[in-house]
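Trainee: Please give me a close look at one part of this structure, the aromatic rings and their setting. Take it in one connected answer.

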Amino acid sequence: MKIKEVADELNRPFASVVFAWIMQLPCKPVPLTGSGRIESIQVAVEATQFSLSRPQWFEILRAARGHEVA
């Protein structure tokens with residue numbers, strides 16, 4: 001799975017990479033954790049401490065779509 005590969009590259013939790021990817025969408029969404037658990041909130045906050053490179057971001061998009069991004 002591409003997100004796991006990127007998470008391993010960056011030495012970050014899987015969920016933090018997901019949050020980081022969402023926050024880098026062009027529409028600038030604000031993701032919600034949906035949890036009151038401190039651990040879940042910490043993972044979400046960690047996503048604000050780094051950014052994915054453009055190639056990493058597009059690799060995840062490409063994997064999600066299952067084809068090249070035009």
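Mentor: What follows goes from the whole chain to the rings, then to the core and a few residues outside it.

This is a predicted model, in which local features need pLDDT of at least 70, side-chain atom pairs count only at pLDDT 80 or more, and totals for chains, interfaces and linings use all residues. Residues are numbered from 1 along each chain as its sequence is written, and side-chain values use heavy atoms, with hydrogens and water left out.

Start with confidence. The chain averages a pLDDT (the predictor's confidence in each residue, from 0 to 100) of 93. A score of at least 70 is reached by 100% of the residues. Confidence is highest in α1, at a mean of 97, and lowest in α3, at 93.

Now the frame. The chain has 4 helices and 0 strands; both are DSSP runs numbered from the N terminus, helices being H or I over at least four residues and strands E over at least two. From the N terminus, the order is α-α-α-α. The radius of gyration, taken over C-alpha atoms, is 12 Å, close to the 11 Å from the globule rule (2.2 Å times the number of residues to the power 0.38) for 70 residues, so the chain is as compact as a globular protein of that length. Along its principal axes, the C-alpha trace spans about 40 × 25 × 20 Å. Take contact as heavy atoms within 4.5 Å. Among contacts with a separation of 6 or more, 62% join residues 24 or more positions apart.

Next, the rings. A pair of aromatic rings is described by the distance of the centres and the angle of the planes. Rings of Phe, Tyr and Trp (its six-membered ring) pair if their centres lie within 6.5 Å; planes under 30 degrees apart count as stacked, over 60 as edge-to-face and the rest as tilted. The structure holds 2 aromatic pairs. In one, W21 and W57 are stacked, at 4.9 Å centre to centre and 10° between the planes. W21 belongs to helix α2 and W57 to helix α4, so this pair ties together parts that are 36 residues apart in sequence. The other pair, W57 and F58, is edge-to-face, with 5.1 Å between centres and 80° between planes. W21, W57 and F58 make up one aromatic cluster.

How covered are they? Buried means under 20% relative accessible area, exposed over 50%, and partly exposed in between (1.4 Å probe, protein chains only). Both W21 and W57 are buried. W57 counts as buried because its relative accessibility is 9%. F58 is at 26%, so F58 counts as partly exposed. Across the chain, 24% of the 70 residues are buried.

W21 also leads to the core. A nonpolar core is a set of buried Ala, Val, Leu, Ile, Met, Phe, Trp, Tyr and Cys residues joined through side-chain atoms within 4.5 Å. The largest one has 14 residues, and V17, W21, L52 and I60 touch the most other members. Helices α1 (2-10), α2 (14-23) and α4 (54-65) each supply at least two core residues. Helix α2 gives the most, with 4. Setting aside neighbours within four places in sequence, W21 contacts L52, W57, I60 and L61.

Stay on α2 for one more residue, S16. S16 is buried because its relative accessible area is 0%. Beyond neighbours within four places in sequence, S16 is in contact with V43, E46, A47 and F50. E46 sits in helix α3 (residues 38-46). At 24% relative accessibility, E46 is partly exposed. Residues up to four places away aside, E46 touches R12, P13 and S16.

Finish with the loops. S51 is in the loop between α3 and α4. Its relative accessible area is 56%, so S51 is exposed. The C-alpha atoms of S51 and A20 are 6.3 Å apart, at 31 residues along the chain. N11, in the loop between α1 and α2, is not a glycine but has a positive phi of about 55°. N11 is exposed, at 69% relative accessibility. K28, in the loop between α2 and α3, is another non-glycine with a positive phi, near 55°. K28 is exposed too, at 57%.
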